[in-house]
Amino acid sequence: MSQFDNVSVVKKANVYFDGKCVSHSIQFADGTKKSVGVILPATLTFNTGAPEIMEGVAGSCRVRLKGPNGEMSEWKTYGAGESYNVPGNSSFDIEVSGEPYHYVCHFG
C-alpha cells in the first residue's frame with residue numbers, strides 16, 4: 001500500500017486490528033510517526049489525543065467530527081488523494097462502504 005524509500009525507520013510497532021480496521025504505526029529516525037492502514041466497510045468511532053492528518057490512498061470514506069460540546073459535524077466525503085485534519089483530543093466517526101479505505105495518518 002505504501003512504500004518509504006531511503007528512509008530510516010527506527011520502530012515498527014502498535015499493530016492495531018479489530019476485525020474492521022488494520023493499522024501499523026511506524027516511527028522514523030527524525031521522530032515523526034505515521035500509521036498506514038485499511039478500514040473495511042463499517043462505521044467506526046475513533047478517539048485521538050494528538051492532532052492527525054488522514055490521507056486517503058484508495059477507496060473513499062465519510063467523516064464527521066465531534067465538537068467540544070458533543071455535537072457532531074455534518075458528514076464530509078473524502079476520496080483517494082484527499083486529506084482531512086482531525087484536531088487533538090477529539091472523537092470522530094468514519095463510515096466506509098463498498099471498497100475498503102486505505103489511508104496514511106500523520107501524527108502532529
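**An all-strand chain: group meeting talk**

Let's start with the elements. The protein chain has 10 strands and zero helices. Read from the N terminus, the order is simply β-β-β-β-β-β-β-β-β-β. Please keep in mind that this is a predicted model.

Some totals for the chain. There are 108 residues, and 30% of them count as buried. The exposed surface comes to about 6,400 Å². Carbon and sulfur atoms supply 49% of that surface. Now contacts. Take those between residues at least 6 apart in sequence: 61% of them join residues at least 24 apart.

Next, a sheet. Which strands form it, and in what order? Four strands do, running β4-β9-β6-β7. The sheet is open, and its pairing is antiparallel. At the edges sit β4, residues 42-48, and β7, residues 76-79. Each of these edge strands pairs on one side only. On average, neighbouring strands in this sheet are turned by 30 degrees against each other, direction ignored.

Look at one pairing in detail. Strand β6 covers residues 60-65, and four bridges join β6 to β7. These two strands run antiparallel. Find Val63, and opposite Val63 you will see Lys76 in β7.

On to the core. The largest nonpolar core holds 16 residues. Which of them touch the most other members? They are Ile39, Cys61, Tyr84 and Ile94. Several strands contribute here: β4, β6, β8 (83-86), β9 (90-96) and β10 (101-107) each supply at least two residues of this core.

Stay with Tyr84 for a moment. Leave aside its neighbours within four places in sequence. Tyr84 is then in contact with Glu52, Ile53, Met54, Cys61, Val63, Tyr78, Ile94 and Tyr101. So Val63, the residue opposite Lys76, is on the contact list of Tyr84.

Last topic: aromatic rings. How many aromatic pairs does the structure hold? It holds three. In one pair, the ring centres of Tyr78 and Tyr84 lie 4.4 Å apart. Why is this pair called tilted? Because the planes stand at 35 degrees, and the tilted class takes what is neither under 30 degrees nor over 60. Tyr78 and Tyr84 are both buried.

Another pair is Tyr101 with Tyr103. Their rings are stacked, with 25 degrees between the planes and 6.3 Å centre to centre. Are these two buried or exposed? Both Tyr101 and Tyr103 are buried.

To wrap up: a chain of 10 strands, an open four-strand sheet, and a nonpolar core of 16 residues with Tyr84 among the members that touch the most others.

Notes. Residues numbered from 1 in each chain as written. Predicted model: local features only at pLDDT ≥ 70, side-chain atom pairs only at ≥ 80, totals over all residues. Heavy atoms only, no water. Phe/Tyr/Trp six-rings, centres within 6.5 Å; stacked < 30°, edge-to-face > 60°. Buried < 20%, exposed > 50% of the residue type's maximum accessible area, 1.4 Å probe, protein only. Pairing = 2+ DSSP bridges. Axes fitted to C-alpha atoms, helices over the stretch in contact; angles between N-to-C directions. Contact = heavy atoms within 4.5 Å. Areas by Shrake-Rupley, 256 points an atom, 1.4 Å probe, with all protein chains shown as cover. Core = buried A, V, L, I, M, F, W, Y, C linked by side-chain atoms within 4.5 Å.
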